[in-house]
Amino acid sequence: ARFHRFIRPTSWDSLLKGLPKDSPKLNKGARTVSFAKAVQHLEEWMTKEGVNVADTSGYLFVTCGNWDIGTIIPKQCKKSKIALPAFWGSFSNIKTVFNLQYNKKASGMKDMLRSLRMPLKGVHHLGMDDTANLAGIVRKMLSDGGSFEATGGAAARKQQPRPAASEGAARGAPPQGGVRRLYSSPGADP
């Protein structure tokens, strides 16, 4: 399953205050939501997918770099005047895990794909294409015996070990035993 939302700039709402509802500056066809609304939708979607959002030991976001969840999301939460959701309290930087697993120095998604002899699918730095490519890398790493644990966020600072995920979990299959779900962020640092 996939989650996707177009998020409008934070300043947009304040710029539009006072404009008449029929103003040509308002794009009636736009399907954008505020960052806060997108976070709410994400939590609702995760719950619908069977994720116990409150139990952060049951899943882990996978990013391609520390910037997405480690830097920009906390800043955006503050700017949007919402608390950083617990589900972004820790994450796994696939580059760190990849380099440890394969004893490589891959600097990003394209390096990892090249190293694994996997083709780039879609357009690099296009969110949903990057997500699909990163999911393919995760599946390959898991099939090669790898596992994922938090490399960033509060859980990584506490150095709490996390159970390994299975290939089925990377595809979104229901967790079994100690298996956790992995979710990839769409930005590639990404």
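Hi everyone. Let me start in the middle, with helix α4: here Ile-94, Lys-95, Val-97, Phe-98 and Asn-99 are buried. Those buried residues pack against β3, β4, α5 and α6. Before I go on, please keep in mind that this is a predicted model.

So how does α4 begin, and what comes after its end? At the N-terminal end, Asn-93 acts as the cap, with a side-chain oxygen 2.9 Å from the backbone nitrogen of Lys-95. Just past the helix, Asn-103 has a positive phi of about 50 degrees.

Asn-93 also takes us to the strands. It belongs to β4, where it is the bridge partner of Thr-63. Strand β3, residues 59-64, and strand β4, residues 90-93, run parallel and are joined by three bridges. Add helix α3, residues 67-79, and you have a right-handed β-α-β unit made of β3, α3 and β4.

Let's stay with β3 for a moment. Which way do its side chains point? Tyr-59, Phe-61 and Thr-63 go one way, while Leu-60, Val-62 and Cys-64 go the other. That fits a general rule: in a regular strand, side chains alternate between the two faces of the sheet. In β3 both sets are buried, so the count comes to six of six residues, since buried here means under 20% relative accessible area.

Now for the nonpolar cores. The largest one has 18 residues, and Ile-94, Phe-98, Met-112, Leu-134, Ile-137, Met-141 and Phe-148 are those with the most contacts inside it. The elements giving two or more residues to this core are β3, α4, α5 and α6. Which of them gives the most? That would be α6, with five residues. There is also a second, separate core of 15 residues, and Phe-35, Leu-42, Met-46 and Ile-69 are among its members.

If you want one residue to click on in the big core, try Ile-137. Setting aside residues up to four places away in sequence, Ile-137 touches Ile-94, Phe-98, Met-109, Met-112, Leu-113, Leu-116 and Met-118.

Next, a polar residue. Asn-133 sits in helix α6. Is Asn-133 buried or exposed? Its relative accessibility is 3%, so Asn-133 counts as buried. What does its side chain meet? A polar atom of that side chain lies 2.8 Å from the backbone oxygen of Lys-121. Beyond its neighbours within four places in sequence, Asn-133 is in contact with Met-109, Leu-113, Pro-119, Leu-120 and Lys-121.

On to the loops. Between α3 and β4 you will find Lys-81. Its phi is near 60 degrees, a positive value in a residue other than glycine. Lys-81 counts as exposed because its relative accessible area is 77%. In the loop between α5 and α6 there is His-125, whose phi is near 75 degrees, again a positive value in a residue other than glycine. His-125 has 52% relative accessibility, so it counts as exposed.

One more loop residue: Gly-146, between α6 and β5. With a relative accessible area of 13%, Gly-146 is buried. What is it in contact with, leaving aside neighbours within four places in sequence? The answer is Gln-101 and Met-141. Gln-101 is 45 residues from Gly-146 in sequence, yet their C-alpha atoms are 6.6 Å apart in space. And Gln-101 brings us back to α4, which covers residues 94-102.

Let me zoom out now. The protein has eight helices and six strands, and along the sequence they follow the pattern β-α-β-α-β-α-β-α-α-α-β-α-α-β. Of its 190 residues, 37% count as buried. If we take the contacts with a separation of 6 or more, residues 24 or more positions apart account for 66% of them.

Last, a word on confidence. The mean pLDDT of the protein is 82, and 78% of the residues reach 70 or more. Over residues 159-180, though, the pLDDT is below 50, even if this stretch has 44 contacts in the model beyond near neighbours in sequence. Where pLDDT is low, the predicted coordinates should not be read in detail.

That's my tour. Thanks for listening, and I'm happy to go back to any of these residues on the screen.

How values were computed
Residues numbered from 1 in each chain as written. Predicted model: local features only at pLDDT ≥ 70, side-chain atom pairs only at ≥ 80, totals over all residues. Heavy atoms only, no water. Buried < 20%, exposed > 50% of the residue type's maximum accessible area, 1.4 Å probe, protein only. Helix = DSSP H or I, 4+ residues; strand = E, 2+ residues; numbered from the N terminus. Pairing = 2+ DSSP bridges. Right-handed = clockwise from strand over helix to strand, strands pointing away. Core = buried A, V, L, I, M, F, W, Y, C linked by side-chain atoms within 4.5 Å. Contact = heavy atoms within 4.5 Å. Polar contact = N/O pair within 3.5 Å; in protein donor to acceptor, adjacent residues only side chain to side chain. pLDDT = per-residue confidence, 0-100.
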